[in-house]
Every structure is written in C-alpha cells, then in structure tokens.
Amino acid sequence: MATDAPPPQGGSDTSPAGPTTAQFVEVQESAEFGELRRAHRSFAFPLTIAFIAWYLLYVLMSNYAGGFMGTKVFGNVNVALVFGLAQFLTTFLIAWFYSRHAATKLDPKAAAIKSRLEAGE
C-alpha cells in the first residue's frame, strides 16, 4: 500500500520557503484583498439569496398552490414540472455566470495577490 512507505530520507529540501503568518495577515488586511473579497461577495451573496428565494417559492407553491402547480401547460407537462426543470436550468446558469465572473474579475486579482505573496513583497 502506498501509504505505508516511509518518509523520504535526507535533508535536501529544495522547495522555497512559504510565506509567513505575518505576511498572510498583512495581505488579508490589505485594501486589494478587501476589494477581492467585496467583488466575490457582491456577486455570490445576491445570487445565493435569489436562488434560495426561487427554490422556496417552488416548494411553497408545490405545497400550497396545488391547483396552479397542477395546471397543464401542454400534454402531461404541468407547471410544477416546468418549475422543477427550471430549478436545474437556474443552477447551471448561476454556475456559468459565476465561472465567467471569477475568470474576469476574481482570478486576475487573486493571481496578482498570490504572485506578490510568493515573491515576498
């Protein structure tokens, strides 16, 4: 089993030393990191709240508006099925929007912070 292997021998660790705790705290308290955090929260929190409200609306309507949810849209497809499938669509759309947001707004800022932290600046 691979986990039973002994640790490597020798003291020739050629990997660079990582950032110190003080450096991490300094970066965390920086305005640039605060901006990164705000950019994430300003996108993630409203979408999360909107999706939870949308989901709760679906659950509440399924429980208390059975007549409306049972209304046939076409064939054997009713409003409840359309709303249920829309939940999946909404989930994928939010994931896609977040991926675009992260790639354009968050990742460049995070990469800049990371590169400066690794460079020891």
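Biologist: Is glutamate 35 buried, partly exposed or exposed, and what is its relative accessible area?

Modeller: Happy to start there, with the reminder that this is a predicted model. Buried means under 20% relative accessible area and exposed means over 50%. Glutamate 35 falls between those limits, so the residue counts as partly exposed, with a relative accessible area of 39%.

Biologist: Which residue forms a salt bridge with glutamate 35?

Modeller: A salt bridge calls for a side-chain nitrogen of Lys or Arg within 4 Å of a carboxyl oxygen. The closest N and O atoms of this pair are 3.1 Å apart, and the partner of glutamate 35 is lysine 109.

Biologist: How many residues apart in sequence are the parts that this pair ties together?

Modeller: Glutamate 35 lies in helix H2, while lysine 109 lies in helix H4. Lysine 109 is partly exposed, with a relative accessible area of 23%. Because the two residues sit in those two helices, the pair ties together parts whose separation in sequence is 74 residues.

Biologist: Thanks! How many salt bridges does a search of the whole structure find?

Modeller: One is the pair of glutamate 35 and lysine 109. Another is formed by the side chains of arginine 116 and glutamate 32, at 1.9 Å from N to O. The side chains of glutamate 118 and lysine 114 also meet in a salt bridge, at 3.9 Å. The search of the whole structure finds a total of 3.

Biologist: Which helices hold arginine 116 and glutamate 32, the pair whose side chains meet at 1.9 Å?

Modeller: Arginine 116 is partly exposed, at 32% relative accessible area, and glutamate 32 is partly exposed too, at 30%. Their side chains meet in a salt bridge. This pair links distant parts of the chain, 84 residues apart, with arginine 116 in helix H4 and glutamate 32 in helix H2.

Biologist: And what separates glutamate 118 from lysine 114 along helix H4?

Modeller: Glutamate 118 counts as exposed at 57% relative accessibility, whereas lysine 114 counts as partly exposed at 49%. Because they are 4 residues apart in helix H4, their separation is about one helical turn.

Biologist: Let's turn to the interior. Which element gives the most residues to the largest nonpolar core?

Modeller: That core has 7 residues in all: Val27, Leu36, Ala39, Ala102, Leu106, Ile113 and Leu117. The elements giving two or more residues to this core are H2 and H4. With 4 residues, the element that gives the most is H4.

Biologist: Which residues does isoleucine 113 contact, leaving aside its neighbours within four places in sequence?

Modeller: Isoleucine 113 is itself part of the largest nonpolar core. Contact here means heavy atoms within 4.5 Å. On that basis, the residues in contact with isoleucine 113 are Val27, Glu32, Phe33 and Leu36.

Biologist: How far apart are the end C-alpha atoms of helix H2?

Modeller: Helix H2 covers residues 31-64, which makes 34 residues. At 1.5 Å a residue, the helix should span 50 Å. The value in the model agrees with that expectation, since the end C-alpha atoms are separated by 48 Å.

Biologist: What covers the buried residues of H2?

Modeller: The buried residues of H2 are Gly34, Leu36, Ala39, Phe43, Ala44 and Met61. Their cover includes H4 and helix H3 (66-69).

Biologist: Is glutamine 87 buried or exposed?

Modeller: Glutamine 87 is found in helix H4, residues 79-119. Not counting residues up to four places away in sequence, glutamine 87 touches Phe51, Trp54, Tyr55 and Tyr58. Its relative accessibility is 8%, so glutamine 87 counts as buried.

Biologist: What distance separates the C-alpha atoms of phenylalanine 51 and threonine 90?

Modeller: Phenylalanine 51 is found in helix H2 and counts as partly exposed at 22% relative accessibility. Leaving aside neighbours within four places in sequence, phenylalanine 51 is in contact with Gln87, Thr90, Thr91 and Ile94. Although phenylalanine 51 and threonine 90 are 39 residues apart along the chain, their C-alpha atoms are separated by 7.8 Å.

Biologist: One last question: what accessible area does the nonpolar surface patch with Ile52 have?

Modeller: Isoleucine 52 has its place in helix H2 and counts as partly exposed at 45% relative accessibility. Ile52 forms the patch with Tyr55, Leu56, Leu60 and Tyr64, and their accessible area together is about 560 Å².

Definitions and conventions
Residues are numbered from 1 along each chain as its sequence is written. This is a predicted model: local features need pLDDT of at least 70, side-chain atom pairs count only at pLDDT 80 or more; totals for chains, interfaces and linings use all residues. Side-chain values use heavy atoms; hydrogens and water are left out. Buried means under 20% relative accessible area, exposed over 50%, partly exposed in between (1.4 Å probe, protein chains only). The expected span of a helix is 1.5 Å times one less than its number of residues. Patches are made of residues with over 30% relative accessible area and no salt bridge: like charges are joined within 9 Å, nonpolar side chains (Val, Leu, Ile, Met, Phe, Trp, Tyr) within 5 Å. Accessible areas come from the Shrake-Rupley method with a 1.4 Å probe; for residues, only the protein chains shown count as cover. A nonpolar core is a set of buried Ala, Val, Leu, Ile, Met, Phe, Trp, Tyr and Cys residues joined through side-chain atoms within 4.5 Å.
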